[in-house]
Amino acid sequence: MAGKYQYHKHEDLSKRLICPRCAEFLTYADIEIFPACPYCDCRLERNPELEDFILQPLVERWANQYAPVTGRSRGRGRDSI
Ligand SMILES: [Zn+2]
């Protein structure tokens, strides 16, 4: 099986998650605090795939700023978006 979630590729943001229930396009910002669809309240299962989606813009940003950084965000140390 492929991933649990489907994505939509958007011009400005790299990816959007398609809500499995209402098919709205969700950005990482919609679900980074609370993993639920803001349109239909569908709870999204927090799995590694979803984590990757949420972290992707941050990871890309870090990659641009501080070349080879591996590892994920630890704790709450996050700068403003
Ligand atoms: Zn939804």
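**Exercise 1. Work out in what order the elements of the protein chain run from the N terminus.**

Solution. Start by counting: this predicted model has 2 helices and 3 strands in its protein chain. Next, follow the chain from the N terminus, and the elements come as β-β-β-α-α.

**Exercise 2. Find the strand order of the sheet and say which strands stand at its edges.**

Solution. Begin with the order: the 3 strands form an open sheet, β1-β2-β3, with antiparallel pairing. Now look at the edges: β1 (6–8) and β3 (25–26) each have a single partner strand, so each has one side without a neighbour in the sheet. Then take one pair in detail: β2, residues 16–18, joins β3 in the antiparallel sense over 2 bridges. To locate one of the residues involved, go to Ile-18, whose bridge partner in β3 is Phe-25.

**Exercise 3. Decide whether Tyr-5 is buried, partly exposed or exposed, and find which residues it touches.**

Solution. First place the residue: Tyr-5 sits in the segment before β1. Second, count its surroundings. Tyr-5 has 16 C-beta neighbours inside 10 Å; a buried residue needs 20 or more, and an exposed one has 12 or fewer. Tyr-5 therefore counts as partly exposed. Third, list the contacts: setting aside residues up to four places away in sequence, Tyr-5 touches Leu-17, Pro-20, Glu-49 and Leu-50. Finally, check one of these partners along the chain: Leu-50 is 45 residues from Tyr-5, yet their C-alpha atoms are separated by 8.0 Å.

**Exercise 4. Identify the residues of the largest nonpolar core and trace the contacts of Leu-44.**

Solution. Begin with the whole chain, where 11% of the 81 residues count as buried. Then pick out the largest nonpolar core, with 8 residues: Leu-17, Cys-19, Leu-26, Tyr-28, Cys-37, Leu-44, Phe-53 and Ile-54. Now take Leu-44; beyond its neighbours within four places in sequence, Leu-44 is in contact with Ile-31, Pro-35, Ala-36, Cys-37 and Leu-50.

**Exercise 5. Compare the span of α2 with the expected value, and find where α2 bends.**

Solution. Helix α2 covers residues 48–65, 18 residues in all. From first C-alpha to last, α2 reaches 24 Å, close to the 26 Å expected at 1.5 Å a residue. Next, look for the bend: α2 turns by about 50° at Leu-55, and Pro-57 follows within four residues.

**Exercise 6. State how confident the prediction is, and in which elements confidence is lowest and highest.**

Solution. For the chain, the mean pLDDT is 80, with 73% of residues at 70 or more. By element, α2 has the lowest confidence, a mean of 85, and β3 the highest, at 93.

Notes: Residues numbered from 1 in each chain as written. Predicted model: local features only at pLDDT ≥ 70, side-chain atom pairs only at ≥ 80, totals over all residues. Core = buried A, V, L, I, M, F, W, Y, C linked by C-beta atoms within 7 Å. Contact = placed C-beta atoms within 7 Å. Pairing = 2+ DSSP bridges. Expected span 1.5 Å × (residues − 1). Bend = angle between axes of the 7 residues up to and from the residue. pLDDT = per-residue confidence, 0-100.
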